[in-house]
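Reader: I am new to protein models. Could you take me through this one with short questions and answers?

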Amino acid sequence: TSLFQTLGKGETGVDIRVLKYFVQVAKDRNFTRASEHLYISQPALSKTIKKLEHELGINLFDVRTTGVQLTDYGQMLYQRAVPLIAEFDALTNFVSDIQAKPVGRLRVGVTPMIATLYMVNIVTEFNDRWPEVELQITEDGSIALRKQLLDGGLDLILCITGDSADGLHETILFEDEMVAVVSGSNHLAHCSSLHFSQMEDQTFNLYSRYATLTRQIEERCIKAGFMPKVNISSSKVNFMLQMTEHNRGICILPRPYAMRGLRDNLKVISFADPFPWQGCLVRNQNSYRTYLSKLFEQFVLQYFNDYKTHSRLNFE
């Protein structure tokens, strides 16, 4: 059996560390100098080489008073070991190379309002830092996005809380409040805060029928003793605001979005009872977490942490 066949079959206890020891001795042609370069004792190095020779059943070095020389078998092992070590060193740098310059595609789902408020900045800043990562963005309602996440069609989603499902893990990104938006000519416009019971006579400009926020609004109306009368159902918030501005119904929006679309003839009113609006990052607990998904998750968490700090400083 040749040396190459013996190594190829894995019939020895040779590992990369031992091969590195062997190559260093071959380069230095001296056990003492090699041990100094390897930061091990000379007896330990000699013992390791002897064990290697015993396992292979051959002599690798011809030891002389002037130094050590490779035998014919030693020459063959050396020629094979050097590229093997180089390949192994390249593999050991593989993870650090990926982390230093990540490459690949990440599929991210986001709800329309979160997309409008935050996603442009998130995508821009993320790709400025890691330009080789392709972010494939899907915009949809949180219920549909969660289903895609469970089915494996998305890696992560940014949505609102309220539709938790088995197998999904939520991390809260931010918390704000829902507010009522009414026309300045609506009799509710003089109110400093509102209870849902005060809106029984109003018509509502709501999101699409199956949206999470629509369900949350309906639940609060029912709890207050009435079923909301719907003026329009739309996925276009600007359309909802335009109808509201002309006193054709009222709408209930996240405060940041309401303030963004505020017009002269509109008034924003908080609720007397808390109506929280929480954004979260969701991942599938049953799916493997890729390096890119972890990287994006850490980035988004830091983004919103910085955003909250910046907003608080501006407020103060």
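Reader: Which residues are buried in helix 10?

Author: This is a predicted model, where local features need pLDDT of at least 70, side-chain atom pairs count only at pLDDT 80 or more, and totals for chains, interfaces and linings use all residues. Residues are numbered from 1 along each chain as its sequence is written, and side-chain values use heavy atoms, leaving out hydrogens and water. Helices are DSSP runs of H or I with at least four residues, strands are runs of E with at least two, and both are numbered from the N terminus. Buried means under 20% relative accessible area with a 1.4 Å probe, protein chains only; in helix 10, residues 237-245, that holds for V237, M240, L241 and T244.

Reader: Why are they on the same side of helix 10?

Author: Take the directions from the helix axis to the C-beta atoms. The four residues V237, M240, L241 and T244 share one side because their arc around the axis is only 95 degrees.

Reader: What phi does N247 take?

Author: N247 comes just after helix 10. Its phi is positive, at about 60 degrees.

Reader: How many helices and strands are there in the protein?

Author: Count the runs in the whole protein. The totals are 12 helices and 12 strands.

Reader: What is the radius of gyration of the protein?

Author: It is taken over C-alpha atoms, and the globule rule is 2.2 Å times the number of residues to the power 0.38. For 316 residues the rule gives 20 Å, so the protein is more spread out than a compact globule, with a radius of gyration of 33 Å.

Reader: What share of the residues is buried?

Author: The protein has 316 residues. The buried share is 42%.

How values were computed:
Buried means under 20% relative accessible area, exposed over 50%, partly exposed in between (1.4 Å probe, protein chains only).
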